[in-house]
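Let's take a walk through this structure together. Keep the sequence and the 3D view side by side as you read.

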Amino acid sequence: MKTHITMQMHANNYLNERRGLGFILRSSGQSINEFAHYVDILKCKRPLTVEIMADWAKQDKWKSNNPLTWARRLKKIRPFARYLRQFEPETEVPDKSVFGSVNQRLTPHIYTESEIIGLLTATRYLKPENGLRCATYETLFGLLASTGMRVSESLHLLNRDVDLKHGMLTIRQTKFSKSRYVPLHPTTTEALRKYYSVRNSYIETTGDASFFIGSSGQHLGQPLSLRQVEYTFSGLRHQMNWINRGGHNAPRIYDLRHTFVVRRMILWHAKDINIDQHMLSLTTYVGHSTVTSTYWYLTCVPELMALAGNKFELFTQTVENDYD
């Protein structure tokens with residue numbers, strides 16, 4: 001008797017095989033599992049088609065109507081479709097023409113200083129007021145704004161990774177499997193020290209415990225999850241009633257990282273500092289894989305494009321004067 005293999009079984013086997021080779025597949029793994037669940041619910045008896053995959057891609061949790069979002073979701077399951085061909089050769093593999101290219105990057109929302117201050121102030125009124133939850137989110141969002149760290153990097157911090165004596169963070173095995181040190185501004189170090197003191201008044205911790213933790217019920221003392229953070233940020237964003245200046249559906253928590261990079265470049269422009277000479281340092285600090293990822297901001301953010309345009313205009317005027 002032939003045993004029926006569900007799509008979820010195929011997904012588990014694929015992810016176990018890839019992770020055994022050293023691939024983390026955190027985001028794409030979640031998408032593959034969601035796709036497998038979707039297919040199993042359909043109880044599809046025929047080989048998978050591009051049409052089925054495209055229908056799934058359109059059903060993201062945010063109910064997006066943006067083809068770029070659909071294209072990115074489809075891209076995550078494309079290697080899995082190739083894998084399935086060894087069991088069902090007629091399985092179709094979606095190409096880039098279905099929803100278009102995913103290489104286009106949308107303009108981020110660059111927060112103003114008043115928006116960031118407003119966000120941090122709003123965390124102090126989270127329920128229960130003056131509790132650990134307030135301190136956790138004020139410190140977390142402040143850390144993201146002042147260092148440009150990825151949200152996942154901050155949530156994976158352990159107590160031993162936070163050196164309050166020397167003002168240094170150790171980011172371990174982050175995106176692209178790299179580790180790095182992140183020096184902190186003294187005011188950021190002091191904010192982390194205050195949170196550390198408040199947090200320790202609620203629970204006992206060890207060096208291997210998470211630095212940012214849940215604050216109530218069964219979550220007390222447990223690592224703070226991305227889902228909790230996104231839920232809290234979404235509620236605060238609704239309260240703030242910000243005007244969206246980016247290409248996404250709304251300002252995102254990840255845009256705090258973009259804001260850090262852009263504001264640093266604007267500061268360099270204001271001080272007439274040569275950006276090219278400092279770009280590699282900024283790339284290393286924020287953990288970009290290549291310096292071109294950091295240069296991208298010069299072409300996508302209106303404020304930086306205007307500054308770069310003004311500098312180029314001054315340069316051309318200087319060249320023209322040299323030939324007069």
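The paragraphs below go from the whole chain to a helix, then to some aromatic rings, and end at one tyrosine.

Please keep in mind that what you are looking at is a predicted model. Its chain is built with 14 helices and three strands. If you follow the C-alpha trace along its principal axes, the chain spans about 80 × 70 × 40 Å. Of the 324 residues, 40% count as buried. The chain exposes about 19,100 Å² in total, and 54% of that area is supplied by carbon and sulfur atoms.

How do the contacts in the chain relate to sequence? Taking contacts between residues at least 6 apart in sequence, 60% join residues that are at least 24 apart. As for charge, the chain carries 41 positive and 29 negative charges, and the mean positions of these two groups are 6 Å apart.

Now turn to helix 10, which runs over residues 255-270. With 16 residues, helix 10 reaches 22 Å from its first C-alpha to its last, close to the 22 Å expected at 1.5 Å a residue. Several of its residues are buried, among them Asp255, Arg257 and His258 as well as Leu256, Phe260 and Trp268. Val261, Val262 and Met265 are also on the buried list for helix 10. Just past the helix you will find Asp272, which follows helix 10 and has a positive phi, near 60°.

Next, the aromatic rings. The structure holds 16 aromatic pairs. One of them joins Phe233 and Trp242 in a tilted arrangement, with 6.2 Å centre to centre and 40° between the planes. Both Phe233 and Trp242 are buried. These two residues also belong to a cluster: ring pairs link Tyr111, Tyr137, Phe141, Phe233 and Trp242.

Finally, have a look at Tyr181, which lies in strand 3, residues 180-183. Is Tyr181 buried or exposed? The cut-off for exposed is over 50% relative accessible area, and Tyr181 counts as exposed because its relative accessibility is 61%. Tyr181 still has neighbours to inspect: leaving aside residues up to four places away in sequence, Tyr181 touches Met168, Leu169 and Thr170. You can also pick out Thr284, which is 103 residues from Tyr181 along the chain, while the C-alpha atoms of the two are separated by 9.1 Å.

Methods: Residues numbered from 1 in each chain as written. Predicted model: local features only at pLDDT ≥ 70, side-chain atom pairs only at ≥ 80, totals over all residues. Heavy atoms only, no water. Helix = DSSP H or I, 4+ residues; strand = E, 2+ residues; numbered from the N terminus. Buried < 20%, exposed > 50% of the residue type's maximum accessible area, 1.4 Å probe, protein only. Contact = heavy atoms within 4.5 Å. Areas by Shrake-Rupley, 256 points an atom, 1.4 Å probe, with all protein chains shown as cover. Lys, Arg positive; Asp, Glu negative; His and termini not counted. Charge placed at Lys NZ, Arg CZ, Asp CG, Glu CD. Expected span 1.5 Å × (residues − 1). Phe/Tyr/Trp six-rings, centres within 6.5 Å; stacked < 30°, edge-to-face > 60°.
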